[in-house]
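The following report describes a protein fold and some of the side-chain pairings within it. Please read it alongside the sequence and the model.

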Amino acid sequence: NDDSSSSGSSSSDAPLFLRPPPHTTITHGELPTDDRELIFGVDCEMVKTDNGAFEVARVALVNYKGVTLIDEFVKPARPVVDHLTQWSGVTPEYVAA
């Protein structure tokens, strides 16, 4: 009788992107070279809209080497009331385009 199924979620129940490959060995904080390509950094810049919510206005994605893969402005669904430029760097010209 397998008790792992009755004990709640296990690592095999986790989404694939959260499960480490069974062959991965991390030594001295380094990932094997072939797994580094799975590491990305994402940054989203937000603006404040007319209903008080924050919406995405810019998305950037870089790989583990710091190479920019995506850097795009996004038009928010609702009218923008504050571009939060001092933090976001987003100006009305970028959102209007």
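Which side chains meet in a salt bridge with an N to O distance of 2.8 Å? They are those of D71 and R58, a salt bridge being a side-chain nitrogen of Lys or Arg within 4 Å of a carboxyl oxygen of Asp or Glu. The pair links distant parts of the chain, with D71 in strand β3 and R58 in strand β2, 13 residues apart.

This is a predicted model, in which local features need pLDDT of at least 70 and side-chain atom pairs count only at pLDDT 80 or more, whereas totals for chains, interfaces and linings use all residues. Residues are numbered from 1 along each chain as its sequence is written, and side-chain values use heavy atoms, with hydrogens and water left out.

**Overall architecture**

The protein has three helices and four strands, which follow one another from the N terminus in the order α-β-β-β-β-α-α; helices (H or I, at least four residues) and strands (E, at least two) are DSSP runs, numbered from the N terminus. Of the 97 residues in the protein, 14% are buried, where buried means under 20% relative accessible area, exposed over 50%, and partly exposed in between (1.4 Å probe, protein chains only). The accessible surface comes to about 7,400 Å², and carbon and sulfur atoms account for 56% of it, the areas being obtained by the Shrake-Rupley method with a 1.4 Å probe and, for residues, with only the protein chains shown counting as cover. Among the contacts with a separation of 6 or more, 33% are between residues 24 or more positions apart, a contact meaning heavy atoms within 4.5 Å.

**The sheet**

The four strands form an open, antiparallel sheet in the order β3-β2-β1-β4, two strands counting as paired if DSSP finds at least two bridges between them. Strands β3 (68-73) and β4 (80-82) stand at the edges and have a single partner strand each, so one side of each is left without a neighbour in the sheet. From one strand to the next the twist averages 40°, as given by axes that are lines fitted to C-alpha atoms (for helices over the stretch in contact), with angles from 0 to 180 degrees between N-to-C directions.

Strands β1 and β2 pair in the antiparallel sense over nine bridges, and one of the residues involved, G41, has V62 in β2 as its bridge partner. Their hairpin has four residues between the strands, and there G52 takes a positive phi near 85°. Strand β1 (residues 40-49) is also joined to β4, with which it runs antiparallel, by two bridges. Along this pairing, K48 stands opposite D82, while T49 has V80 as its bridge partner in β4.

**Salt bridges**

Side chains of opposite charge can pair when their charged atoms come close. The count in this model comes to two salt bridges, which are set out here with their closest N to O distances and the relative accessible areas of the residues.

| Salt bridge | N to O distance | Accessibility of the acid | Accessibility of the base |
|---|---|---|---|
| D50 and R78 | 2.9 Å | D50, 40% | R78, 37% |
| D71 and R58 | 2.8 Å | D71, 36% | R58, 24% |

D50 is partly exposed, and R78 is likewise partly exposed. In the salt bridge of D50 with R78, D50 lies in the loop between β1 and β2 and R78 in the loop between β3 and β4, so the pair ties together parts that are 28 residues apart in sequence.

**N63 and Y64**

N63 belongs to strand β2 (residues 54-63) and is buried, its relative accessible area being 18%. A polar atom of the N63 side chain lies 2.9 Å from the backbone nitrogen of K65. Neighbours within four places in sequence aside, N63 is in contact with I39, F40 and L69.

Y64 is found in the loop between β2 and β3 and is partly exposed, with a relative accessible area of 33%. With neighbours within four places in sequence again set aside, Y64 is in contact with R36, E37 and I39. The C-alpha atoms of Y64 and L38 are 7.9 Å apart in space, although the two residues are 26 apart in sequence.

Methods
Polar contact = N/O pair within 3.5 Å; in protein donor to acceptor, adjacent residues only side chain to side chain.
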